[in-house]
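Colleague: Could you walk me through this one? I would like to start with how the parts meet and then move on to other things.

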Amino acid sequence: MLNAGIAADSYTFSCILKCFAASGSVKNGEWLHGYLLKLDLAACSCSVVNSLLSFYAKVGRVESARKLFDELPQRDVVSWNSMISGYVANGGSEEGLEVFKEMTSSGTKPDIFTLSAVLHACASSGSLESGKSVHNYITGQGLESNLFVCNALMDMYAKCGSMEDASLVFSQMPVKDIISWNTIIGGYTKNDLPNEAVHHFATMVSGKWEPDGRTISCILPACASLSALNMGRQIHCHVLRNGHHLSDDRHITNALVDMYIKCGALVLARSLFDTMIPSKDLVSWTVMIAGYGMHGFGKEAIRAFEEMRRDGIKPDGVSFISVLYACSHSGLVNEGWRFFNIMQKECKIEPSLEHYACMVDLLSRSGKLQMAYEFIKGMPIKPDATIWGALLCGCRIHHDVKLAERVAEHVFELEPENARYYVLLANIYAEAEKWEEVKELRVKIGRRGLKKHPGCSWIEVKGKVHVFVAKDGSHPEVRKIEALLRKVREGMKKEGFSPKLRYALMNGDDLEKEMALCGHSEKLAMGFGILNLPPGKTVRVMKNLRVCRDCHEMAKFMSKTTGREIILRDSNFFHHFKDGSCSCRGFW
């Protein structure tokens with residue numbers, strides 16, 4: 001065009017700068033900037049200068065954008081928006097907030113795009129205080145009912161962890177769209193409030209709203225968190241009925257596979273995974289490998305990992321974490337070392353704290369406690385509480401009180417306010433019947449004002465979730481459940497099983513300890529499932545803490561005597577009990 005002698009106008013320059021930004025052509029953009037300077041940039045229209053600003057921001061040259069911005073003789077709202085968005089898109093949320101303050105003090109009135117950009121800055125930086133300040137400004141400008149602004153506000157509050165504020169904005173919106181529903185559902189899911197996410201999803205569907213792909217991706221992790229298999233299946237059916245093509249949307253399919261895995265339906269997860277030919281990506285494989293690890297099928301996880309590599313997909317740090325975790329929970333020490341070395345030598349991936357934690361966990365669970373201790377000491381990066389905590393868990397499994405005391409010193413120094421580690425050491429002392437040490441630790445926990453999470457288990461029966469807390473007698477069927485558990489215990493004794501009284505974690509006589517063990521929440525949930533589910537139906541129980549060995553033994557016995565499969569998910573692992581044995585083979 002230029003060679004033909006045709007003069008470019010403002011629209012031409014704006015269009016070509018958008019092209020350069022989209023293709024990342026930095027040199028071409030800089031050449032055009034120089035060309036405009038020769039033409040007298042100051043004489044160019046505001047739209048051309050704003051396009052140049054936007055170009056620099058989109059190609060990551062935010063310093064050049066700022067220099068140009070500072071030299072502008074006049075700025076309109078688009079100029080300010082481009083500068084704020086440029087900072088936020090390039091990780092400069094704080095700088096974006098500063099530009100917003102400059103803008104308001106300069107007398108330029110922000111529009112809805114400005115407010116959306118600055119709320120995104122607050123969300124990215126996690127600055128709830130700044131977000132509330134912007135919210136106050138929005139209210140003062142009478143924009144609190146604008147749909148676009150309200151959606152941005154909800155997103156900001158959700159990403160800053162304040163779901164109460166997000167919910168308040170949502171409830172006061174005069175008009176909602178699909179983005180509004182997705183934002184509130186996704187916010188609850190990401191803030192570990194799955195019940196609320198499920199409630200809002202049900203309300204959305206009953207209100208005749210049609211979920212889209214984003215909605216499905218937001219609600220499936222909530223189903224996975226609750227192990228709500230029936231709801232997850234209903235959503236899967238909804239996806240199929242409403243024409244979402246799973247083969248075309250890997251994100252939804254990956255979320256469905258993950259949901260089935262975390263609901264204990266590993267066979268269904270693998271069946272769906274196999275239908276993804278040829279569209280499996282690294283995320284698909286990593287989800288499946290991690291799923292095998294969670295369910296104690298370490299060899300299957302290794303086979304999947306090697307199949308992924310044969311398919312030409314290069315593993316990343318996360319996929320190595322998944323396969324190392326699988327080795328750890330299946331006692332595959334040699335295989336774990338092999339993958340740890342492959343990661344560094346063949347794939348040139350530097351181990352992170354998560355990789356080191358997997359290796360410590362692998363050694364600790366396998367009883368190589370001293371080797372794990374030396375491994376930590378030789379780490380090139382400083383170990384965190386998670387790494388020392390993995391060794392502390394190993395000390396509990398293998399009843400090494402002396403090493404546990406040494407390890408606990410490191411943990412308490414790194415995370416002095418984390419009650420979990422104090423409780424873990426107290427349990428190690430209790431299992432060793434060191435009651436004075438238990439008493440001292442409990443006093444320390446009370447003095448620091450730390451709170452222990454109570455043991456809690458839940459089970460879904462006929463579409464309703466029933467929750468059980470340790471020693472809680474409030475459930476209407478608790479007497480029937482207790483009677484069933486006593487009968488099971490008597491049957492176990494007749495076959496030579498003795499209660500694992502050390503896991504009662506209390507100083508009392510054997511009868512008191514046995515009664516305490518019967519009150520563990522997972523036993524109550526399993527008993528309720530056996531009483532209320534049809535014969536032969538799989539019993540699926542979830543627990544928020546690690547299952548104790550006495551409950552583990554009882555679950556094995558129950559699976560044998562009732563002819564049922566019992567799937568018990570604790571805080572980090574799935575146990576599949578069938579015909580008197582468990583998939584974990586003692587490694588969990």
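Colleague: How much area is buried between domain 1 and domain 2?

Modeller: In this predicted model, the area buried between domain 1 and domain 2 is about 530 Å², and carbon and sulfur atoms give 50% of that area. On the side of domain 1, S227, L229 and G264 supply 54% of the area buried against domain 2, which is more than any other three residues supply.

Colleague: Where do the two domains lie in the chain?

Modeller: The domain assignment of the protein places domain 1 at 176-279 and domain 2 at 469-582. Their contact takes 10 residues from domain 1 and 6 residues from domain 2.

Colleague: And how many salt bridges or polar contacts are there between them?

Modeller: Across the interface of domain 1 and domain 2 there are 0 salt bridges, whereas the count of residue pairs in polar contact between the two domains is 6, with both residues at pLDDT 80 or more.

Colleague: Which elements of domain 1 give two or more residues to the side that touches domain 2?

Modeller: Those elements are helix 13 (213-226) and helix 15 (250-262), and helix 13 gives the largest share, with 3 residues. Sorted by kind, the residues on this side of domain 1 are 6 nonpolar, 3 polar and 1 charged.

Colleague: Switching topic, how many salt bridges does the count come to?

Modeller: The count comes to 22 salt bridges. One pair is R61 and E30, whose side chains meet in a salt bridge at 2.8 Å, N to O.

Colleague: What does that pair tie together?

Modeller: R61 lies in the loop between helix 3 (46-58) and helix 4 (62-71), while E30 lies in helix 2 (residues 26-39), so the pair ties together parts that are 31 residues apart in sequence.

Colleague: Last thing, which residues does the "repeat: PPR" annotation cover?

Modeller: In UniProt, where the entry is unreviewed, that annotation covers residues 76-110, 146-176, 177-211 and 281-315. Over residues 76-110 the chain is 77% helix and 0% strand, with the end C-alpha atoms 10 Å apart. Residues 146-176 are 74% helix and 0% strand, and the end C-alpha atoms of that span lie 10 Å apart.

Key:
Residues numbered from 1 in each chain as written. Predicted model: local features only at pLDDT ≥ 70, side-chain atom pairs only at ≥ 80, totals over all residues. Heavy atoms only, no water. Domains from an automatic or database assignment. Contact = heavy atoms within 4.5 Å. Buried area = accessible area lost by both parts, 1.4 Å probe. Salt bridge = Lys/Arg side-chain N within 4 Å of Asp/Glu carboxyl O. Polar contact = N/O pair within 3.5 Å; in protein donor to acceptor, adjacent residues only side chain to side chain. Helix = DSSP H or I, 4+ residues; strand = E, 2+ residues; numbered from the N terminus. Nonpolar A, V, L, I, M, F, W, Y, C, P; charged D, E, K, R; others polar. UniProt positions renumbered as here; feature names shortened; annotations may be inferred.
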